[in-house]
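The following exercises ask the reader to examine a structure step by step. Each task is followed by a worked solution.

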Amino acid sequence: MSLYPVHTVDNAPEASRFSLKAIQSAFGFIPNIAGAMATSPVLIESLVGLFGHVHGGSFTEPQIQVLLLTNAVTNGAEWAVAFHSALAREQGVAAADVEAIRARRAPAEPKLAALSLLARTLIETRGKLDQRDIEAFLEAGFTPAHLLEVIAVSAASTITNYTSNVTRPPLEARFGDHRWHAA
């Protein structure tokens, strides 16, 4: 038996079931990463709370998916890269922009490029942005509040990225076309 089984609502620890139901309601299914997270009620509850704030913030869904995909690539989280590649495409992010992010390049669309670059730099510098990083982001049409919101998105993706890297959940067949391997 795996240390981190992929739980369902029926077999998850009791304290994780409410969060799994919320995730199932949001996605129409329980992603394998959430099933693995349910081993820890603290972790799954933290994700659900943060997830709600991130998706209720000021970024559009395509922008959120660009941030989440960039973070997954930067953190080498294979499951999350496949998942967010699929969701980014579903949200209308151009295939070429998704492929650029997966290859650690900037998307062609300028605002998405600014988001992706800031997210990657934030992770790679452990939050120690220099003034040029901040100015480039602001010059792309974002606000100081947006920059802080990127940190919230990064926190949410850190939860799933690190969990993916530790638990290695199986990739759902529906995301197989987006399979990705860290270099």
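**Exercise 1: Two serines**

Setting aside neighbours within four places in sequence, S16 is in contact with A38, S40, P41 and I44, where contact means heavy atoms within 4.5 Å. This is a predicted model in which local features need pLDDT of at least 70 and side-chain atom pairs count only at pLDDT 80 or more, while totals for chains, interfaces and linings use all residues. Residues are numbered from 1 along each chain as its sequence is written, and side-chain values use heavy atoms, with hydrogens and water left out.

Task: determine where S16 and S19 are placed, and whether each is buried or exposed.

Solution. Step 1: S16 is found in the segment before α1; helices (H or I, at least four residues) are DSSP runs, numbered from the N terminus. Step 2: the relative accessible area of S16 is 0%, so S16 is buried (buried means under 20% relative accessible area, exposed over 50%, partly exposed in between, with a 1.4 Å probe and protein chains only). Step 3: S19 lies in helix α1 and is buried because its relative accessibility is 3%. Step 4: beyond its neighbours within four places in sequence, S19 touches I44, E45 and V48.

**Exercise 2: Two packed helix pairs**

Task: describe how α5 and α3 each pack against α9.

Solution. Step 1: two packed helices are described by the angle between their axes and the distance between the axes. Axes are lines fitted to C-alpha atoms, for helices over the stretch in contact, and angles run from 0 to 180 degrees between N-to-C directions.

Step 2: the axes of α5 (residues 78–90) and α9 (residues 144–167) cross at roughly 130° and come within 7 Å. The angle therefore makes α5 oblique to α9 (under 35 degrees counts as roughly parallel, over 145 as roughly antiparallel, 65 to 115 as roughly perpendicular and the rest as oblique). E78, W79 and A80 of α5 meet N161, S164 and N165 of α9. The residues of this contact comprise two nonpolar, three polar and one charged (Ala, Val, Leu, Ile, Met, Phe, Trp, Tyr, Cys and Pro count as nonpolar, Asp, Glu, Lys and Arg as charged, and the others, Gly among them, as polar).

Step 3: α3 (residues 41–55) packs on α9 at an angle of about 145°, with the axes 9 Å apart. On the α3 side the contact is made by L43, S46, L47, L50 and V54, and on the α9 side by A152, V153, A155, A156, I159, T160 and T163. By class, the contact of α3 with α9 has nine nonpolar, three polar and no charged residues.

**Exercise 3: The nonpolar core**

Task: state how many residues the largest nonpolar core has, and which helix gives the largest share.

Solution. Step 1: the largest nonpolar core has 50 residues (a set of buried Ala, Val, Leu, Ile, Met, Phe, Trp, Tyr and Cys residues joined through side-chain atoms within 4.5 Å). Step 2: α5 gives the largest share of this core, eight residues. Step 3: L67 is among the residues with the most contacts inside the core. Leaving aside neighbours within four places in sequence, L67 is in contact with F59, L115, A119, V150 and V153.

**Exercise 4: Positive phi**

Task: locate R126 and R168 and give their phi values.

Solution. Step 1: R126, in the loop between α7 and α8 (131–139), has a positive phi of about 55° although it is not a glycine. R126 is exposed because its relative accessible area is 76%. Step 2: R168, in the segment after α9, has a positive phi near 50° and is likewise not a glycine. At 58% relative accessibility, R168 is also exposed.
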